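Reader: Could you walk me through one part of this predicted model in some detail? I'd like a close look at the salt bridges and what surrounds them.

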Amino acid sequence: ADGDSGVVRLGTPQGIAPRLLPAMLSRLRRLAPDVRVEALELPTCEPLFELVDAGALDLAIAPLPLNPGPYTREHLLSVYWRLALPSSWPIARRGRRVQLEELSELPLIALRTERVGPPLTAHLRAAGYQPNVVAHTDVFDTARALVSSGIGAAVLPSFAVEPEDPAITALEVADVP
């Protein structure tokens with residue numbers, strides 16, 4: 001009850017934990033060495049809300065907007081979306097912002113759940129373009145592997161694109177929320 005010892009059960013959507021948890025848990029260990037964190041990482045955040053509601057998790061990291069419910073929030077980070085392209089593609093070598101029209105001409109790996117990422121295919125359709133989706137996934141590592149192998153391009157959060165990966169180039173995308 002006093003926050004000095006015990007277990008905190010934390011849930012995160014995939015991809016967030018490696019970027020946030022090391023620093024958070026290191027700081028917590030210094031401040032409260034007798035508090036243990038049990039972390040659960042899931043492909044999407046939808047089940048996290050159910051687990052918090054059921055009392056199986058004490059807290060969860062989720063993108064905004066939050067599901068309706070008795071939740072409070074604390075801003076942890078801002079996510080910037082980037083178009084991950086195979087570095088061998090001519091469009092990747094230009095090194096400039098990609099327009100929606102250009103996206104409509106590329107084979108795309110689409111994120112299936114809008115909460116995982118921007119609703120790219122709906123956004124393209126609303127702008128009058130027909131997206132060429134060659135694969136769907138909600139797992140950033142899978143999308144990155146497909147991009148790396150040349151299957152298609154994917155809009156991914158900046159934290160999911162490894163800057164040291166020579167097979168992938170990340171560019172800004174115009175008009176993607």
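Author: Happy to. Arg97 has a relative accessibility of 45%, so this residue counts as partly exposed. Its salt-bridge partner is Glu172, and the closest N and O atoms of the two lie 3.7 Å apart. Glu172 is partly exposed as well, at a relative accessible area of 40%. This pair links distant parts of the chain: Arg97 sits in the loop between α3 (90-94) and α4 (100-104), while Glu172 belongs to the segment after β8 (168-171), 75 residues apart.

Next comes a small network: Arg94, Arg96 and Glu102 are joined by salt bridges that share partners. Within it, Arg96 and Glu102 have their closest N and O atoms 3.4 Å apart. Their surroundings are worth a look too. Glu102 has a relative accessible area of 14%, and since buried means under 20%, this residue counts as buried. Arg96, at 40% relative accessibility, is partly exposed. As general background, side chains of opposite charge can pair when their charged atoms come close.

How many salt bridges are there in the model? The count comes to six. One of them takes us to another part of the chain: Asp58 pairs with Arg9, with 2.8 Å between the closest N and O atoms. Here again distant parts of the chain are linked, as Asp58 lies in the loop between α2 and β3 and Arg9 lies in strand β1, 49 residues apart. Asp58 is partly exposed, with a relative accessible area of 39%, and Arg9 is partly exposed at 27%.

That salt bridge also leads us to a sheet. Its three strands form an open sheet in the order β2-β1-β3, with parallel pairing. β2 (34-42) and β3 (59-60) stand at the edges with a single partner strand each, so one side of each has no neighbour in the sheet. Strand β1 (residues 5-13) pairs with β3 in the parallel sense over two bridges, and Leu10 has Leu59 in β3 as its bridge partner.

Two helices pack on this sheet. Helix α1 (residues 17-31) touches β1 and β2, and its direction makes about 175° with that of β2. Helix α2 (residues 46-54) touches β1, β2 and β3, with its direction at about 140° to that of β2.

Technical notes: Residues numbered from 1 in each chain as written. Predicted model: local features only at pLDDT ≥ 70, side-chain atom pairs only at ≥ 80, totals over all residues. Heavy atoms only, no water. Pairing = 2+ DSSP bridges. Helix = DSSP H or I, 4+ residues; strand = E, 2+ residues; numbered from the N terminus. Contact = heavy atoms within 4.5 Å. Axes fitted to C-alpha atoms, helices over the stretch in contact; angles between N-to-C directions. Salt bridge = Lys/Arg side-chain N within 4 Å of Asp/Glu carboxyl O. Buried < 20%, exposed > 50% of the residue type's maximum accessible area, 1.4 Å probe, protein only.
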